Amino acid sequence: MRSAKTTQRRAEWMMVAFAIVCVRTVYAQMRYSVPEEMRKGSLIGNIANDLGLDAKRLRSGRARIVKGDSLQYAELNSDKGVLVVSERIDREDLCGDTTPCSFTFEIILDNPMELHHVTVEILDVNDHAPTFQKDKINLEISESAMPGARFLLGSAEDLDVGVNALQNYILTENDNFVLKEHARPDGIKYAEMVLQMPLDRELRPQLSLTLTAVDGGDPPRSGTINIEVTVLDANDNAPAFNQSVYTASVVENAQRGTYITTVNASDADSGAYGLINYSFANLKGNVATIFSIDEDTGVISVIGGLDFEKVRKYEIGIEAKDQGGLGDSSKVIVEVIDVNDNAPTINVMSFSSPVSEDSPLGTSIAILNVKDIDSAENGNVELKVDQSIAFKLKSSLRNYYTLVTDALLDRERVSEYSITVTATDAGSPPLSSQKTLTLKVSDVNDNAPEFSRSTYEAFVLENNPPGASIFTVSARDNDWSQNARISYLLDESAWGGNPVTSYMSINAESGVVHAVRSFDYEQMKKIKVCVKAQDGGSPPLSSNVTLNIIIQDQNDNAPQILYPVQTGSSGVAEIVPRSADVGYLVSKVVAVDGDSGQNAWLSYKLHKAGDRPLFEVGAQNGEIRTVRQVTDKDAVKQKLTVVVEDNGQPSRSATVNVNVAVADSFPEVLSEFTDFTHDKDYNDNLTFFLVLALAVVSFLFISCVVVIISVKIYRWRQSRLYHSNLPVIPYYPPHYADASRTGTLQHVYNYEVCMTNDSRNSDLKCIRPVSQSLVSIDASGRDTLRLAQKAGFLTDSPEEQKPPNNDWRLPPNQRPGPSGAGPLPEGAGVVAGTGPWPQPPTEAEQLQALMAGANAVNEATATLGPRYNAQYVPDYRQNVYIPGSTATLTANPQQQQQPQQALPPPAAMPPVDVPKAAQTPASKKKSTKKDKK
């Protein structure tokens, strides 16, 4: 029986191995052997080396053991790639007496998917000693028992298998009984005592023996039971069963008390020795809690729960004994019939969630395993998924299914799927179970932000404060998380010649548009901007919307009077004749308002009109007209104050004064308006700017005066430093004459040389005489005095000064050159520059011209009165030298005694035209400046 069961299990393993080889995703089937009772964490085997994988592959593939419904005894260490014991393994609890004992599991790896079957065989160790179900055996044997009579002692139970199982029995030595061992078809060994020598109750009424059961372990284990033999009177017939084996069947869902079968034995004895008692013998496990037997009738019934999935067949030993202790044994085999009482179970081997919404068709979502512990048709399972969703099942291995996508996913349409998988068996009625998988769809940035409208309009009042909130734009993105995080920004465009960002800004997160500066309706009435909404995806997506900002007018401009024009004087007046009729047009006030709409609607009215006003103003057109006839009581001077007011809230106004003269003639108007008091309306701002302008002008004027004076002083000091070494023609006071008393100056003269302020830049032309009596610089007249000094032509040494030319004392007709035709004195040499003009004049001619100018000054002095008398002129008594001459001017005693006489008329001396020296570039510039002045 045991060999048949073993053969069946081997056939099942061969079928599984064949299925594994036929599936593409299964790469190997591993088998390990470990002894039972190993400690937790003990090594089973190096699965990584055996499969040809490394630890990195195990970690990347998320290698894991598929756990079934039973207790998991093995654990996978992915870091080391080894299988270890996770729970204590008891072979007897796991397999009972089934050999070989093993358990299987699958190891699954992802990316790519791999499925490996692993079988672990549990080797038995001698951890159980043989045990008897009873503590002792009581036998009552008749003394008439014949030698060879057999007495059943039962069997010991050893949970171990193989060599560790029960091997033999040992009976204590005695003279009456010998021990014999027997084995049943299922391999169970039991013992019998065979009567060797007849018993004699009178000699020995009771015997005490010990039966020892020994297993084959190393060291061996044993169990004992005491046998108490009571010798009775003779009972020479033992009961006998009518069948050696009884068979029966029962469904696994049988209720308690269900009848199984009836066993029957007979005894040829009569009386008390013919009464038979039935009992179970050699029961294993929990059989005594499932079945019961009636001792008198031999009826076997169900008293516990049956489970086909746990035990499919029961073998029960039965004994029949008479009152004399004789008995017989038999066996009852109970077959358990399967009932479809177990629904299929669905196990999720692998599940990938979330899955990207752009996953292609056929993407693997999950690997499912279905099991039904029922047998035959009750264990055939069909797995289905709801067809209304975008998934389907593909069978990759027996009882293994792969859930794949059957349509394109769209997270914006369905962000989460509840996938219900139903497993149904083929039983009658069929049972089913469901498994719901919640699959989340991860987002891909495939949707750009969207605005609810293509164009927005926002209204803002002018004169808004900078930073004020204008409008809020909002866009929505159907994506999720970072892909739906929207940032707002303004397009880099220009409006009105300026970038849009100079007008407004936008909050990147909230979309609130703020004004960067204050708006003026009169300058700009509308701003058009482009707002971009951009999500945070990679790459980012964006969309644009147009925002039209309409600037609304505020009443921020007061009316402006165009006519009459307001000036500082109010002398201009409108003339109204006294004969003017009612409605006579006097004037018209014209005003404008920079605002628009009702803020620019102007109304006109008179301010403080009297009881009987002579004039009125049109409320809409500003025309000033008479409302009655002019009377004599009406004043000629009329001052009207017209108030121009706009229609804004609050309203703004402006006033204008109109002077009206009631008269028939213009002279009357003039006579009245000459005493017209002019009102002066000062504007605070205008006064401030006038004072500021006056202060600035005053400061600039004072600064210019200081600068001019500083420049004058600086130039004067420079000129003094420059002319300190040059000869100067001094001022001669009255009563001075030639020291040699041979001069021609018979009158008093005042000599004065006037030069420019910047005398150092004046040109002085000198010629060198042939007689060495004159200083010569450059005959061409190109060198100035300063250049001549630098070149060494001039010297201040008195030794180098030449004697003066005496020709200056001669009359004009006797002078050489163009002033006279007389010949030159002997030894005088040739005088340079004696040719025709424009050669420079001689020194005498220059002195003669100087004397003529002095005579003219003297005449002017005599004419102007006592202010220029000699008493106001200092009297210089020292000698005065004339540059270029050795003559010395001294006071003439005769002239001091003589009264002052006027010089002879200038006509007595022929006019002398003094030629002008050639102009240098510096002199030309100065002459030009003087001409301009």
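# Exercises on a predicted model

Arg91 has 1% relative accessibility and therefore counts as buried. The structure examined in these exercises is a predicted model.

## Exercise 1. A salt bridge between sequence neighbours

Task: Determine which residue meets the side chain of Arg91 in a salt bridge, and classify that partner as buried or exposed.

Solution.
1. The side chain of Arg91 forms a salt bridge with that of Glu92, at 3.6 Å from N to O.
2. Buried means under 20% relative accessible area.
3. Glu92 has 8% relative accessibility, so Glu92 counts as buried.
4. Arg91, at 1%, is likewise classed as buried because of its relative accessibility.

## Exercise 2. A second pair, with another outcome

Task: Assign an accessibility class to each partner in the salt bridge of Glu412 and Arg411.

Solution.
1. The side chains of Arg411 and Glu412 meet at 3.6 Å, N to O.
2. The relative accessibility of Arg411 is 10%, so Arg411 counts as buried.
3. For Glu412 the value is 23%, and this residue therefore counts as partly exposed.

## Exercise 3. A salt bridge across the sequence

Task: Locate Arg64 and Asp110, and state which parts their salt bridge ties together.

Solution.
1. A search of the whole structure gives 17 salt bridges. One of them joins the side chains of Arg64 and Asp110, with an N to O distance of 3.2 Å.
2. Arg64 belongs to strand β3 (residues 64-65), while Asp110 is found in the loop between β6 (101-109) and β7 (114-123), so the pair ties together parts that are 46 residues apart in sequence.
3. Both Arg64 and Asp110 are buried.
4. As a general principle, side chains of opposite charge can pair when their charged atoms come close.

## Exercise 4. The cysteines

Task: Identify the disulfide, give its handedness, and classify its cysteines and two others, Cys530 and Cys704, by accessibility.

Solution.
1. The cut-off for a disulfide is a pair of cysteine sulfur atoms within 2.5 Å. By this rule the count is 1 disulfide.
2. Cys95 and Cys101 are the residues joined, with an S to S distance of 1.8 Å.
3. The angle about the S-S bond is 75 degrees, and the link between Cys95 and Cys101 is right-handed.
4. Cys95 and Cys101 are both buried.
5. Cys530 has 19% relative accessibility and therefore counts as buried.
6. Cys704, at 44%, counts as partly exposed because of its relative accessibility.

## Exercise 5. An open sheet

Task: Give the strand order of the open sheet formed by 4 strands, and describe how β27 is joined to β30.

Solution.
1. The order is β25-β31-β30-β27, with mixed pairing.
2. Strands β25 (355-356) and β27 (381-385) are the edge strands, each pairing on one side only.
3. Strand β27 runs antiparallel to β30 (residues 416-425), and 5 bridges join the two.
4. Within β30, Asp425 stands opposite Val381.

## Exercise 6. A nonpolar surface patch

Task: List the residues of the nonpolar patch on the surface, then place Leu700 in its helix and accessibility class.

Solution.
1. The patch consists of Phe688, Phe689, Leu692, Val696, Phe699 and Leu700, which together have about 640 Å² of accessible area.
2. Leu700 is part of helix α6, which covers residues 684-723.
3. The relative accessibility of Leu700 is 47%, so Leu700 counts as partly exposed.

Conventions
Residues are numbered from 1 along each chain as its sequence is written. This is a predicted model: local features need pLDDT of at least 70, side-chain atom pairs count only at pLDDT 80 or more; totals for chains, interfaces and linings use all residues. Side-chain values use heavy atoms; hydrogens and water are left out. Buried means under 20% relative accessible area, exposed over 50%, partly exposed in between (1.4 Å probe, protein chains only). Patches are made of residues with over 30% relative accessible area and no salt bridge: like charges are joined within 9 Å, nonpolar side chains (Val, Leu, Ile, Met, Phe, Trp, Tyr) within 5 Å. Accessible areas come from the Shrake-Rupley method with a 1.4 Å probe; for residues, only the protein chains shown count as cover. A salt bridge is a side-chain nitrogen of Lys or Arg within 4 Å of a carboxyl oxygen of Asp or Glu. Two strands pair if DSSP finds at least two bridges between them.
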